[in-house]
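Thanks for coming, everyone. Let me put the model up on the screen, and then I'll talk you through it.

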Amino acid sequence: MKKKLVHIFKILLLSIFTLVIITIVILYFSLHEKLPKGETGNKADNFALKIQNAVKHDQYVKTDFLQWTFRNKNHYIWDKKKHIVHVEYNGHNVTLDLDHPEKSKLLNPEHFSEKIIKKALANFNNDSFWIVAPHKLFDKGTTRQLITLKDNSKGLLITYSSGGTTPGDSYLWKVDSNYRPISYKMWVSILPIGGLEVTWENWINTDSGAYLSQQHELLGFQIPITNLKAWND
């Protein structure tokens, strides 16, 4: 009887594994898109400038502090002037020095301090992108391409060849008639499917004057951003 149950359990596991593989294959072929190619140069740059004007990039540059919580678990207070970020995650309290990462500190140091600080930096690089991506269109190492979308409207493809945690990632921005971002499609190293679309919604005019989005949705799943604030000293 025991051998029979073990056999049934193995068959069940194999069936589940097969179903998962089939689901992944179906999703890949139904959702995957090739990375598009477009026009570089002044037209792409001007389109990017219009996006940054729509989100009040000049006010973002002047912003002293940003605060937010990502997925209800990672908490940040970013001193943009000093390039210092206070991070709380998984019960850890880390002060990141963005200019000199080796000087970053962990409250109540422990044996795994270096690993914890490295994870805090990786979290910050990812989680801050969901806040300030429209303000990073001209970062060092970026390339911009003007893309004609399926509905004949224009979009902006940004590729990050350096910086952050996963250089080489690309994002295709779709905007409204005022050039404010509506969504982007992603081609990123951590996802096997290219072209997945994420919404950028619920824009707020912060105290510093910068426009920031605090609502995203991917494949029907919400990516919560709460306690979002930006202000000047």
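I'll start with the overall picture, then go through some helices, strands, a pocket and a few backbone angles.

First, the housekeeping. This is a predicted model, where local features need pLDDT of at least 70 and side-chain atom pairs count only at pLDDT 80 or more, while totals for chains, interfaces and linings use all residues. Residues are numbered from 1 along each chain as its sequence is written, and side-chain values use heavy atoms, with hydrogens and water left out.

So, the overall picture. The chain has 4 helices and 13 strands; those are DSSP runs, H or I of at least four residues for helices and E of at least two for strands, numbered from the N terminus. There are 233 residues, and 40% of them count as buried. Buried here is under 20% relative accessible area, exposed is over 50%, and partly exposed is in between, with a 1.4 Å probe and protein chains only. If you take contacts (heavy atoms within 4.5 Å) between residues at least 6 apart in sequence, 46% of them join residues at least 24 apart.

Now helix H2, residues 42–54. H2 has 13 residues, and from first C-alpha to last it reaches 18 Å, close to the expected 18 Å at 1.5 Å a residue. The expected span, by the way, is 1.5 Å times one less than the number of residues. Which residues of H2 are buried? That would be Ala44, Phe47, Ala48, Ile51, Gln52 and Ala54. They sit on the same side of H2, because they cover an arc of only 160° around the axis, the arc being that of the directions from the helix axis to the C-beta atoms. Turned away from that buried side is a face with the exposed residues Asn42, Lys43 and Asn53. And what do the buried residues of H2 pack against? The partners are H3, S6, S7, S8, S9 and S12.

Just after H2 you run into Lys56, with a positive phi of about 55°, and Lys56 is not a glycine. Lys56 lies in the loop between H2 and helix H3, residues 57–62. At 29% relative accessibility, Lys56 is partly exposed. There's another one like that to look up: Arg71, also not a glycine, has a positive phi near 55°. Arg71 is in the loop between strand S1 (65–70) and strand S2 (74–79), and with a relative accessible area of 40% it counts as partly exposed.

Next, one of the strands H2 packs against, S8. Strand S8 covers residues 170–175, and 5 of its 6 residues are buried, so it is largely enclosed by the rest of the structure. Pairing means DSSP finds at least two bridges between two strands. S8 pairs with strand S7 (residues 154–160) in the antiparallel sense over 5 bridges, and with strand S9 (residues 181–187), again antiparallel, over 6 bridges. Leu172 in S8 is a handy marker: Leu157 stands opposite it, and so does Lys185 in S9. S8 and S9 form a hairpin with 5 residues between them, and Tyr179 in the turn has a positive phi of about 70°.

Leu172 and Lys185 turn up again in the second largest pocket. For the grid people: on a 1 Å grid over the protein atoms alone, a pocket is an open set of points where a 1.4 Å probe fits, with protein on both sides within 12 Å along at least five of seven lines, and lining residues have an atom within 4 Å of a point. Points are joined across faces, edges and corners, and the volume is the space filled by probe spheres set on them. That gives about 310 Å³ for the second largest pocket. It has 16 lining residues, and the closest to its centre are Glu33, Leu149, Lys150, Leu172 and Lys185. S6, S8 and S9 each give two or more residues to the lining, and the largest share, 4 residues, comes from S9.

Last stop, helix H4. Its 20 residues should span 28 Å at 1.5 Å a residue, and the end C-alpha atoms are 28 Å apart, which agrees. Ser128 is found in H4, residues 113–132, and counts as buried at 7% relative accessibility. Between H4 and S6 there is a loop with Asp139 in it, and Asp139 is partly exposed at 26% relative accessibility.
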